[in-house]
Amino acid sequence: MKREEVKGIIPGITDEQLQQVMDLHGADIERQKQTITTLTAERDTARNNLSDANKKLEGYDPEWKTKAEKAENDAKAQVAAMQQEFAAKTAAAGVKFSSESAKRAFLSDLKAKKLPLQDGKLLGFEDYLKSYRESDPDAFAPEKAAPTITVGSKGQTPATSSQSFLDNKYKNNPFYHPKGE
């Protein structure tokens with residue numbers, strides 16, 4: 001995140017406020033770097049342990065390589081699925097849906113589409129979103145706010161009930177007979 005980007009998002013931000021935002025962002029980045037360093041060390045340790053275990057297994061189980069390859073492929077598939085799901089949720093985060101169930105249906109259909117990933121982003125998402133909007137427009141929240149309807153006219157107070165509204169509206173109509181008359 002750059003200072004110019006923040007100024008573009010929040011016009012009129014003071015230098016002091018901008019510095020506070022940048023400090024918070026920097027702290028978040030440092031925490032993520034620490035997490036990455038920790039996970040990298042754990043991964044390297046696990047790889048060394050795996051290498052040692054594989055050497056021991058060579059003498060015990062002749063099919064160990066096949067089993068290990070299958071486990072590795074399964075793990076890669078799980079990671080790819082998690083990356084795909086994260087990319088889909090990130091891409092759909094800016095889209096306004098009419099309901100949570102519409103959002104879940106959209107994400108489910110998006111997952112089934114299996115759009116390719118590039119740099120953590122789904123390729124072809126905008127085209128998919130456009131075609132989905134055309135095929136199911138009710139799944140999305142309206143772009144504009146719904147119009148408000150006001151009953152009554154200037155200088156008159158609105159009727160307090162539907163019966164009094166009808167009485168006032170049709171009092172000069174000879175065919176209209178309010179209740180009790």
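Contact here means heavy atoms within 4.5 Å. With that meaning, and leaving aside neighbours within four places in sequence, glutamine 84 is in contact with Lys114, Leu115, Leu117 and Leu122. The structure is a predicted model. This briefing describes the overall layout of the chain, then two helix pairs, and then several individual residues.

**Overall layout**

- The chain contains 6 helices and 2 strands.
- Along the sequence, these elements follow the pattern α-α-α-α-β-β-α-α.
- Of the 181 residues in the chain, 14% are buried.
- Among contacts between residues at least 6 apart in sequence, 33% join residues at least 24 apart.

**Helices α3 and α4**

- Helix α3 spans residues 64–92 and helix α4 spans residues 100–113.
- The two helices pack at an angle of about 135 degrees, and their axes are 10 Å apart.
- An angle over 115 degrees but not over 145 belongs to neither the roughly perpendicular nor the roughly antiparallel class, and α3 and α4 are therefore oblique to each other.
- The crossing of α3 past α4 is right-handed.
- On the α3 side, the residues that meet α4 are Ala88, Lys89 and Ala92; on the α4 side, Phe106, Leu107 and Leu110 meet them.
- Sorted by class, this contact has 5 nonpolar residues, no polar residues and 1 charged residue.

**Helices α4 and α5**

- The axes of α4 and α5 come within 12 Å of each other and cross at roughly 130 degrees.
- With that angle, α4 and α5 are therefore oblique to each other.
- The crossing of this pair is right-handed.
- Helix α4 contributes Ala105, Phe106, Asp109, Leu110 and Lys113, which meet Phe125, Tyr128, Leu129 and Tyr132 in α5.
- By class, the contact between α4 and α5 has 7 nonpolar residues, no polar residues and 2 charged residues.
- Phe106 and Leu110 of α4 appear in the contact with α3, and Phe106 and Leu110 also appear in the contact with α5.

**Glutamine 84**

- Glutamine 84 is found in helix α3.
- The relative accessible area of glutamine 84 is 18%. Because buried means under 20%, glutamine 84 is classed as buried.
- The side chain of glutamine 84 reaches the backbone oxygen of leucine 115 at 2.7 Å.
- Leucine 115 is also one of the residues that glutamine 84 contacts, leaving aside neighbours within four places in sequence.

**Lysine 114**

- Lysine 114, another contact of glutamine 84, has its place in the loop between α4 and β1, the latter being residues 117–118.
- Lysine 114 has a relative accessibility of 66% and therefore counts as exposed.
- The phi angle of lysine 114 is near 55 degrees, a positive value in a residue other than glycine.
- Most residues other than glycine have a negative phi.

**Phenylalanine 140**

- Phenylalanine 140 lies in the loop between α5, residues 125–135, and α6, residues 162–169.
- With a relative accessibility of 6%, phenylalanine 140 counts as buried.
- Not counting residues up to four places away in sequence, phenylalanine 140 touches Val95, Lys96, Phe97, Ser98, Phe106, Leu129, Tyr132 and Arg133.
- Among these partners are Phe106, Leu129 and Tyr132, which also take part in the contact between α4 and α5.
- Phenylalanine 140 and alanine 102 are 38 residues apart along the chain, and their C-alpha atoms are separated by 7.5 Å.

**Asparagine 54**

- Asparagine 54 lies in helix α2, which covers residues 15–60.
- Asparagine 54 is buried, with a relative accessible area of 18%.
- The C-alpha atoms of asparagine 54 and lysine 65 are separated by 8.2 Å, and these two residues are 11 residues apart along the chain.

Note on methods
Residues are numbered from 1 along each chain as its sequence is written. This is a predicted model: local features need pLDDT of at least 70, side-chain atom pairs count only at pLDDT 80 or more; totals for chains, interfaces and linings use all residues. Side-chain values use heavy atoms; hydrogens and water are left out. Axes are lines fitted to C-alpha atoms, for helices over the stretch in contact, and angles run from 0 to 180 degrees between N-to-C directions. Helices (H or I, at least four residues) and strands (E, at least two) are DSSP runs, numbered from the N terminus. Angles under 35 degrees count as roughly parallel, over 145 as roughly antiparallel, 65 to 115 as roughly perpendicular and the rest as oblique. A crossing is left-handed if the near helix is turned anticlockwise from the far one by less than a right angle, and right-handed if clockwise. Ala, Val, Leu, Ile, Met, Phe, Trp, Tyr, Cys and Pro count as nonpolar, Asp, Glu, Lys and Arg as charged, and the others, Gly among them, as polar. Buried means under 20% relative accessible area, exposed over 50%, partly exposed in between (1.4 Å probe, protein chains only). A polar contact is a pair of N or O atoms within 3.5 Å; within protein, one must be able to donate a hydrogen and the other to accept it, and residues adjacent in sequence count only if both atoms are side-chain atoms.
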